[in-house]
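The following exercises concern one protein model. Please examine the sequence and the structure before working through each solution.

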Amino acid sequence: MEVLSFILFLVYIIAGWWAINKIWYSKRSYIVHNVMGFYMSKFIWALVLGWIAIPIAIIMTALNK
């Protein structure tokens with residue numbers, strides 16, 4: 001059961017990262033001075049708000065086609 005939980009957690013992190021990137025870069029481009037801070041903030045956003053970002057990114061993808 002622990003292995004399945006770990007695999008689902010990894011899938012959630014990957015999907016959350018994809019969703020945050022889809023939402024984050026939808027209308028803007030960024031010039032970053034602190035690269036590590038930028039990626040850490042994206043990772044935290046994916047971890048905390050992935051549950052809401054994933055459906056939004058899927059809807060954005062479906063509407064763009």
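**Exercise 1.** Which helix gives the largest share of the nonpolar patch, and how many residues come from that helix?

*Solution.* The model is a predicted one. Begin with the members of the patch: Phe9, Met36, Met40, Phe43, Ile44, Leu47 and Val48 form a nonpolar surface patch of about 630 Å². Next, consider their origin: H2 supplies the largest share, 6 residues.

**Exercise 2.** Determine whether Met40 and Phe43 are buried, partly exposed or exposed.

*Solution.* Both Met40 and Phe43 lie in helix H2. A residue is buried under 20% relative accessible area and exposed over 50%, and partly exposed in between. The relative accessible area of Met40 is 39%, so Met40 is partly exposed. For Phe43 the relative accessibility is 31%, and therefore Phe43 also counts as partly exposed.

**Exercise 3.** Compare the expected span of helix H1 with the distance between its end C-alpha atoms.

*Solution.* Helix H1 covers residues 2–24, which is 23 residues. At 1.5 Å a residue, the span should be 33 Å. The end C-alpha atoms are 32 Å apart, which agrees with that expectation.

**Exercise 4.** Which residues of H1 are buried, and what helps to cover them?

*Solution.* The buried residues in H1 are Ile13, Gly16, Ala19, Ile20 and Trp24. Their cover includes helix H2, residues 35–64. Phe43, located in H2, touches Ile13 and Trp17, leaving aside residues up to four places away in sequence. Finally, Phe43 and Gly16 are 27 residues apart along the chain, and their C-alpha atoms are separated by 8.4 Å.

Notes. Residues are numbered from 1 along each chain as its sequence is written. This is a predicted model: local features need pLDDT of at least 70, side-chain atom pairs count only at pLDDT 80 or more; totals for chains, interfaces and linings use all residues. Side-chain values use heavy atoms; hydrogens and water are left out. Helices (H or I, at least four residues) and strands (E, at least two) are DSSP runs, numbered from the N terminus. The expected span of a helix is 1.5 Å times one less than its number of residues. Buried means under 20% relative accessible area, exposed over 50%, partly exposed in between (1.4 Å probe, protein chains only). Contact means heavy atoms within 4.5 Å. Patches are made of residues with over 30% relative accessible area and no salt bridge: like charges are joined within 9 Å, nonpolar side chains (Val, Leu, Ile, Met, Phe, Trp, Tyr) within 5 Å. Accessible areas come from the Shrake-Rupley method with a 1.4 Å probe; for residues, only the protein chains shown count as cover. A salt bridge is a side-chain nitrogen of Lys or Arg within 4 Å of a carboxyl oxygen of Asp or Glu.
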